[in-house]
Amino acid sequence: MFTNLRPVNKLVIQAVLIVFAVIWLYPLVESVIQSLQINGFDNYLAVIQHPKVDYFRVVFNSLFVAFCSMLIVSVLASLAAYAFAKMQFRFKNVLFYSLVACLAIPATAVMSPLFFTMKSLHLMNTYWSLILPLAAFNAPFMLLILKNYFEGIPNAILEAGMIDGSSSIRLYRQIMLPLGLPAIINVMVLTFIYSWNDYIIPLLFVRKESMYTVTLATQFFTGTTGQTPEMVAQLYAALILMTIPSIIIYLFGQRYMQAGLTAGAVKS
Amino acid sequence: MRTKKWQWALTGVVAASLVVSACGNSNNNAGGESSPSGTAPASGGKQETITFWSWVPTDIQSKKVIEAFEAANPDIKVEYWRGEQTDFQKKLQVAIGAGEGPDLMGMQVGGMLNQYANMLEPIQPLADEKWGAGWEEKFVPSSIDQVKSKDGSMVALPLNLTGQEFVLYNKAIFDKVGITEVPKTYEEWKQVNAKISEAGIVPVAMGAKDTWHDVDMFVALSNQFAPGQVYEAEQGKVPFTDQAFVDTMNAWKQLFTDKVFQDGALGLSTYPDARDQYFYSGKAAMFLTGSWHVGFGLPGGEKEGTAIENDATGMFLLPQIGPNPSKAVASVDTALAINKNSEHKEAAWKLLEFLTMGEGQQIMADFIQGSPSKIGVEVQTLDQFKFDSEKEAVGVVNQEIAGAIGKRLLDYPELNNAIGIAMQDVAAGKDVEAALKEVQKVSEGIAR
Amino acid sequence: MSGSRSVLSGGKAYLYILPILILSGIFLYYSIGFTVYTSFHQWNGIDSQMKYIGFDNYKKLFDDTTYHIALKNNLIFLVCTVFIQAALGLLLAVLLRAKLFGNNFFKSVFFIPVVMAPVIIAAIFRIIMDTNFGSLNETLRALHLDFLAVSWLGDPKYALMSVIIVNIFQWMGFSMTMYYSGLLAIPDEIYESAKMDGSGFWRTLFRITVPLVGGTTSTLVVLGIVGSLKTFDIVALLTGGGPGRSTEFLTTYVYKKAIDEFNGGMSAAAGVTILVIAVVLAVVQLRLGNRQQNNH
């Protein structure tokens with residue numbers, strides 16, 4: 001199917017791909033064109049030098065929050081996935097399903113309790129108030145992915161390690177983590193993206209402009225500017241500027257991600 | 001090789017957690033309004049920081065008005081957060097529900113104020129003490145009634161009043177197609193629209209995606225069919241299936257079937273869509289909005305820099321569609337309330353006083369975001385308008401608001417939602433009576 | 001299937017699970033508990049007092065036509081996004097698997113929307129999809145396809161479809177990437193022999209490829225179920241649930257009840273139903289997926 005294609009077929013495939021790519025590129029190209037209206041690249045400069053929204057600070061905040069929740073999720077989820085995939089213990093299924101059940105909690109439905117939690121933990125106005133809930137909301141999904149992948153790591157390797165007398169944490173470190181790296185990187189990239197894109201948690205817990213994230217900044221631009229043609233162009237420039245960092249992250253992780261994404265789901 | 005990667009990752013985790021805890025701490029010290037260390041002095045003296053959340057003042061307005069306040073009160077620093085209505089409502093509700101939230105906050109009268117009443121500081125005793133008895137007479141009478149909750153206690157003070165339903169129009173376009181008079185009746189309106197359409201311009205931009213705007217139309221329109229009836233229905237004394245409302249809905253439906261409103265109006269929000277993409281871009285000749293827009297032509301106002309910057313504009317009242325004359329409906333636009341749990345009530349009161357009674361009231365009045373709630377405050381920026389028609393519009397609007405037939409905002413949020421949805425359904429072709437029955441059903445479920 | 005048997009045993013397992021349980025306990029289980037508790041009370045979301053009212057919120061909820069519409073819309077959305085996203089994703093993955101010119105470029109183009117915030121996607125599409133001046137309709141008119149230039153977000157007939165389209169635009173790349181890496185794991189020999197047997201493109205696709213990526217499909221279905229039940233930002237920002245109730249979702253319903261109508265109790269009751277639906281669907285799907293794999 002994929003080798004020795006006839007030229008005609010190659011042409012057809014290429015054509016179909018191009019058609020879809022054009023559709024998918026259209027909104028992006030449209031916003032790039034819009035962002036260059038009137039003042040060209042000065043629109044980008046205007047966003048970067050905006051008096052109320054400090055672009056680099058905003059990007060730093062989002063990077064920092066997304067990075068930390070990514071680390072927490074990958075450590076916590078891989079530890080738990082290791083146990084669920086490779087250990088035998090009571091209540092295993094109950095515990096697993098009760099964690100996976102949390103997969104579907106919409107943040108919108110639990111705004112009040114989240115706020116109470118944050119208040120009683122005295123985490124208001126700190127980065128923790130963003131990092132921890134984002135980590136908690138992402139962890140169940142990442143656990144599911146990692147558990148699937150870890151199950152595919154042959155027991156024989158672990159057994160060999162056990163014969164050498166390695167402790168379970170050592171096996172985790174020396175076998176599960178290196179072998180599970182593709183899936184772990186995949187989980188890291190996904191958690192990063194989800195955290196980066198989240199809107200409601202920063203909205204609830206951020207009060208100071210110095211802690212604005214890219215999504216809050218985006219909403220700031222869409223909500224308060226846009227009256228003049230220049231501002232419309234700037235709005236588009238802002239939308240693009242807010243997206244660039246996550247695209248860079250994706251391009252970085254892409255190589256690893258593809259290996260990891262379904263390695264656990266497809267079993268041959 | 002692989003082990004190395006892993007060790008590197010571990011180092012990363014440790015380093016990151018150190019940074020996080022460092023940041024966390026530094027943020028705690030910087031202090032939020034709720035943390036015990038929140039009042040820590042910033043530099044020298046005893047500077048107190050208060051938080052203020054609202055949707056009005058807008059960003060441009062807040063800059064001026066808060067700077068003026070801080071200049072007059074050097075010992076108080078104001079942290080102002082402005083959110084669009086939807087963001088503002090969710091952020092505020094969640095915070096106040098947890099016994100938190102800003103020291104001073106914007107309140108919409110009617111439904112919102114009633115719900116928050118228990119968590120707001122009673123204003124009457126404070127005002128009596130600071131301003132002496134009889135201070136109420138300094139405010140527009142109707143505005144003082146509206147800042148009282150259902151049980152009659154006063155929990156906020158009015159910043160300004162606004163009314164609906166107004167039409168902002170582009171006089172340059174009117175002139176170009178030879179329209180000399182603004183339409184007063186439905187027939188005239190349709191004729192005007194036909195002329196504008198011929199010139200390839202969208203006549204009227206309406207943002208009917210917003211249920212609040214639809215409800216404004218309902219209240220304004222129904223007062224043309226049966227004056228005051230809507231307030232009876234609001235209190236459950238008249239059913240929403242009453243003929244007056246059937247007529248109102250039919251008239252509303254006609255606005256769509258007669259193509260008075262642009263195609264796709266139901267998918268368009270009033271702000272920013274209809275405003276920016278249609279009216280400010282010069283692609284539409286009229287735009288349905290509230291009296292708060294009448295000052296948009298002032299220097300530094302929204303109009304500056306738009307495609308219609310050099311076009312004269314004006315405002316007129318919604319034309320008469322029903323059997324009775326068209327009248328404005330007006331309410332307090334922004335009421336200001338102090339958080340019952342605030343630790344800075346004294347400072348919050350100072351800002352509240354500044355905005356409602358003091359210099360802030362004048363600054364806000366000069367932006368013409370709404371009519372002043374304090375009696376005797378005159379707008380001093382009228383001469384700054386570039387066009388006479390814009391200056392005249394302020395007079396038109398203020399006169400209509402003074403002669404308003406009733407209030408704009410209804411008391412029950414679920415009723416607002418139900419009416420808004422029914423109107424969108426009707427505009428999309430649903431049977432009027434079926435839609436009104438659903439409103440009535442919701443109305444019957446309200447514990448009044 | 002070499003790895004499904006457990007090799008380690010003992011109480012240490014709990015230590016490995018403890019951290020994630022603590023995090024979930026504080027932020028997720030507490031929130032669930034609070035929501036369940038609230039669902040039996042009358043609460044406006046603001047006052048410090050709640051009033052116990054038993055099952056009243058649930059009774060009102062199941063009696064509310066808006067809730068029924070939200071359920072129906074969510075179901076349509078779920079089915080459409082899961083199937084179309086998966087089908088398109090698989091098709092493109094298969095085409096990309098041919099590794100022709102510009103492969104990495106195509107993959108990136110399809111994946112970029114996944115990394116864009118819904119806030120940003122919605123802002124762009126609101127402008128593109130405007131009835132009169134949006135570039136989508138302007139393009140359609142220029143192509144003399146005026147009858148297709150509908151009111152995408154302003155007509156109840158099309159609004160839900162438009163939301164689905166935007167959602168597919170955002171997430172298709174995710175399905176595609178998942179399938180693509182799944183396809184990489186399928187040995188070329190299988191296809192060679194299929195070719196020998198004279199099996200055509202579509203036949204190979206349905207007879208060989210689709211069954212072999214069953215695991216990926218199963219994961220995507222779970223994610224689709226969960227994702228569609230959680231969908232909020234994109235709907236709230238595109239249509240806000242309207243016109244009328246034509247794009248009302250369970251999450252927008254939960255949101256409106258709580259924030260717009262100050263009915264925290266009913267909002268919580270609706271929230272609880274989302275959780276129950278999600279758990280049931282996810283568990284059923286996971287179980288089915290496991291059984292399939294075990295039979296494999």
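Select chain C and look at its contacts (C-beta atoms, placed from the backbone, within 7 Å). Among those between residues at least 6 apart in sequence, 69% join residues at least 24 apart. This is a predicted model: local features need pLDDT of at least 70, side-chain atom pairs count only at pLDDT 80 or more, and totals for chains, interfaces and linings use all residues. Residues are numbered from 1 along each chain as its sequence is written, and chains are lettered from A in the order in which they are written.

**Chain C overall**

Stay on chain C. It has 13 helices and three strands (DSSP runs: H or I of at least four residues for helices, E of at least two for strands, numbered from the N terminus). Its C-alpha atoms fill a box of roughly 75 × 70 × 30 Å along the principal axes. Of its 296 residues, 53% are buried. Buried takes 20 or more other C-beta atoms within 10 Å of the residue's own; 12 or fewer is exposed, and in between is partly exposed.

**A helix pair in chain C**

Select α3(C), residues 65-97, and α10(C), residues 214-230. Their axes come within 9 Å and cross at roughly 145 degrees. Axes are lines fitted to C-alpha atoms, for helices over the stretch in contact, and angles run from 0 to 180 degrees between N-to-C directions. The crossing is right-handed: the near helix is turned clockwise from the far one by less than a right angle, where anticlockwise would be left-handed. Show the contact residues, including Phe77(C) and Leu78(C) on α3(C) and Leu220(C) and Val221(C) on α10(C). The contact divides into eight nonpolar, six polar and no charged residues. Ala, Val, Leu, Ile, Met, Phe, Trp, Tyr, Cys and Pro count as nonpolar, Asp, Glu, Lys and Arg as charged, and the others, Gly among them, as polar.

**Across to chain A**

Now add chain A. Here 84 residues of chain C are in contact with 82 residues of chain A. On the chain C side, helix α1(C), residues 12-38, gives the largest share, 17 residues. By class, that side has 54 nonpolar, 23 polar and seven charged residues.

**The core**

Next, colour the largest nonpolar core, 315 residues. Such a core is a set of buried Ala, Val, Leu, Ile, Met, Phe, Trp, Tyr and Cys residues joined through C-beta atoms within 7 Å. Its residues with the most contacts inside it include Ala77(A), Ala156(B) and Ala335(B). Centre on Ala335(B). Among the residues it touches are Met107(B), Val109(B), Ala156(B) and Leu159(B).

**Strand β3 of chain B**

Met107(B) leads to β3(B), residues 104-107. Leu104(B) and Gly106(B) point one way, Met105(B) and Met107(B) the other, and all are buried. β3(B) runs parallel to β1(B), residues 48-54, with two bridges. Trp53(B) has Met105(B) as its bridge partner. Four bridges join β3(B) to β9(B), residues 329-338, in the antiparallel sense. Gly106(B) stands opposite Leu336(B) there.

**An open sheet**

Last, select β6-β7-β5-β8 of chain B, an open sheet of four strands with mixed pairing. Pairing takes at least two DSSP bridges. The edge strands are β6(B) and β8(B). The twist averages 20 degrees from one strand to the next. β5(B) and β7(B) run antiparallel over four bridges, and Tyr169(B) stands opposite Met286(B). Finish on helix α12(B), residues 270-279, which lies across β5, β6 and β7 at about 160 degrees to β7(B).

How values were computed:
Contact = placed C-beta atoms within 7 Å. Lists of a residue's contacts leave out its neighbours within four places in sequence.
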